[in-house]
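Colleague: I'd like to go through this model with you and hear the reasoning behind each label. Could you put it up?

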Amino acid sequence: MFSMHAVEALRAAYPAARIVMLTLPYTEPLARLSPAVDEVVSVDTNRIRTPRGLLSPATWSEYRQTYRHVRSQKFDLCVSLSGRMASLCAFLSGARRTVGYSREAYPFLLTDPVAGGRYAERMHEVEYVRRLARHAGASSFPERVSLTVPEEACQAAERLLTQHDITASDMLVVIHAGSVHPSAKRWPARSWSRFVDDLNEVTGARIVLTGSKSDEPVAVEVLKNVSRPIVSLVGRTTVEELLGLLARADLVAGGDSGPLHLAVALGRPVVAAYGPTDPRIYGPYNPVAPTELHRKDLPCSPCYPTTASPDCPLGDPICMRLVTVQKMVESAVDLLS
């Protein structure tokens with residue numbers, strides 16, 4: 001979602017341009033929902049990170065087809081938003097002008113390198129990509145990105161809820177208890193279980209767990225320790241269906257994760273547990289609905305840039321454990337009322 005701030009700024013700067021977005025497969029559905037994007041090209045650059053993927057003929061066949069397609073577009077401008085791999089893609093695009101951070105690019109691949117890179121200054125991720133867009137010609141920036149949930153996605157979400165006897169009149173709380181990175185950013189599963197029980201007792205809300213298949217072990221732990229009804233849709237929704245659920249929610253609870261930022265973009269109230277990540281860099285950006293973030297400021301935190309290990313460097317993410325269930329529940333009750 002953060003990257004879309006740059007995309008929409010470039011659309012405003014070049015209204016007649018054809019904008020193509022190169023994404024990883026798991027972000028492709030979101031990019032396709034943006035009215036600022038004309039075409040989305042998906043390529044899994046992570047496949048070469050494993051020996052099996054690196055040696056697979058299918059990997060290089062996919063890359064060759066993507067290269068030929070992108071090259072045929074004859075781009076005037078390509079913006080490398082994040083990472084060295086993006087700078088390589090920008091170079092291979094053949095664009096006459098390529099913009100990106102010099103510290104996040106392979107040497108000599110960018111025609112217009114921007115000095116520095118992420119985290120040299122303490123500012124929000126959105127501001128990092130906006131700076132790149134500004135160097136690429138943008139001068140005006142949206143306060144928030146446009147995210148419209150297709151009607152069919154809302155209907156699909158309602159069908160999922162109906163299967164579990166959740167009606168339009170029910171108060172709905174959606175919880176995303178997982179994260180892309182395991183222990184570093186996850187509030188303990190037992191804390192989520194207590195959160196579910198306490199919140200349900202006070203409000204009577206229907207509570208739904210969401211997440212990808214990789215979040216299933218966390219969901220199992222949460223479900224194992226709850227004493228009140230809860231529905232798990234973990235691993236059972238598409239990205240579009242997830243958006244439909246978030247749009248329907250009266251409250252979204254989670255940690256620093258993609259679904260949390262989607263909820264913010266959809267204007268939903270949010271309560272979140274933060275630990276190793278810095279809210280000033282990774283927190284909700286310009287939310288329209290109330291948000292409550294809980295975090296214990298320890299001497300060792302924040303400690304987490306995107307280049308860090310997914311695990312606590314001290315072996316115990318105490319910063320997450322110190323976020324209390326009581327505070328999270330109190331915030332959730334306040335937001336729901």
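Modeller: Sure, starting in helix α4 (residues 57–71): W60 and Y63 both sit there, three residues apart, about one turn of the helix. Helices (H or I, at least four residues) and strands (E, at least two) are DSSP runs, numbered from the N terminus. Bear in mind that this is a predicted model, where local features need pLDDT of at least 70 and side-chain atom pairs count only at pLDDT 80 or more, while totals for chains, interfaces and linings use all residues. Residues are numbered from 1 along each chain as its sequence is written, and side-chain values use heavy atoms, with hydrogens and water left out.

Colleague: What makes W60 and Y63 an aromatic pair, and why is it called edge-to-face?

Modeller: Rings of Phe, Tyr and Trp (its six-membered ring) pair if their centres lie within 6.5 Å; planes under 30 degrees apart count as stacked, over 60 as edge-to-face and the rest as tilted. W60 and Y63 are 5.5 Å centre to centre with 85° between the planes, so they pair, and edge-to-face is the label that applies.

Colleague: Why is W60 called partly exposed, and why is Y63 called buried?

Modeller: Buried means under 20% relative accessible area, exposed over 50%, partly exposed in between (1.4 Å probe, protein chains only). W60 has 41%, so it is partly exposed, whereas Y63 has 16% and is therefore buried.

Colleague: Why is the pair W187 and W192 edge-to-face?

Modeller: Their ring centres are 4.7 Å apart and the planes stand at 90°, so that pair is edge-to-face too. W187 is buried at 2% relative accessible area, and W192 is buried at 1%. Ring pairs also bring in F195, linking W187, W192 and F195 into a cluster. The search of the whole structure finds four aromatic pairs.

Colleague: What is T45 in contact with, leaving aside its neighbours within four places in sequence?

Modeller: T45 touches L24, Y63 and M85, where contact means heavy atoms within 4.5 Å. T45 lies in the loop between β2 (39–42) and α3 (51–55). At a relative accessible area of 16%, T45 is buried.

Colleague: On to the sheets. What makes β3 and β4 a pair?

Modeller: Two strands pair if DSSP finds at least two bridges between them. β3 and strand β4 (residues 97–101) have four, in the parallel sense, so the requirement is met. One of the facing positions is V79, whose bridge partner in β4 is V99.

Colleague: Why are β3 and β5 called edge strands?

Modeller: The open sheet has three strands in the order β3-β4-β5, with parallel pairing. β3 (77–80) and β5 (112–114) are its edge strands, as each pairs on one side only. Neighbouring strands of this sheet are turned by 15° against each other on average, direction ignored. Helix α6 (residues 125–135) packs on the sheet, touching β3, β4 and β5, and its direction makes about 150° with that of β4. Axes are lines fitted to C-alpha atoms, for helices over the stretch in contact, and angles run from 0 to 180 degrees between N-to-C directions.

Colleague: What is the strand order in the open sheet of six strands?

Modeller: That one runs β8-β7-β6-β9-β10-β11, again with parallel pairing. Its edge strands are β8 (231–232) and β11 (291–294). Strand β7 (residues 206–210) pairs with β8 over two bridges, and L209 stands opposite S232 in β8. β6 and β7 pair over five bridges, with V173 opposite I207. Helix α12 (residues 258–265) lies across β6 (172–176), β9 (251–254) and β10 (270–273), running at about 155° to β10.

Colleague: Why is β7 said to be largely enclosed by the rest of the structure?

Modeller: Four of the five residues of β7 are buried, so that description follows. Across the protein, buried residues make up 48% of the 337 residues.

Colleague: Last one: how do you know that the radius of gyration agrees with a compact globule?

Modeller: The radius is taken over C-alpha atoms, and the globule rule is 2.2 Å times the number of residues to the power 0.38. With 337 residues, a compact globule would come out near 20 Å; the protein has 21 Å, so the two agree. The C-alpha trace spans about 60 × 45 × 45 Å along its principal axes.
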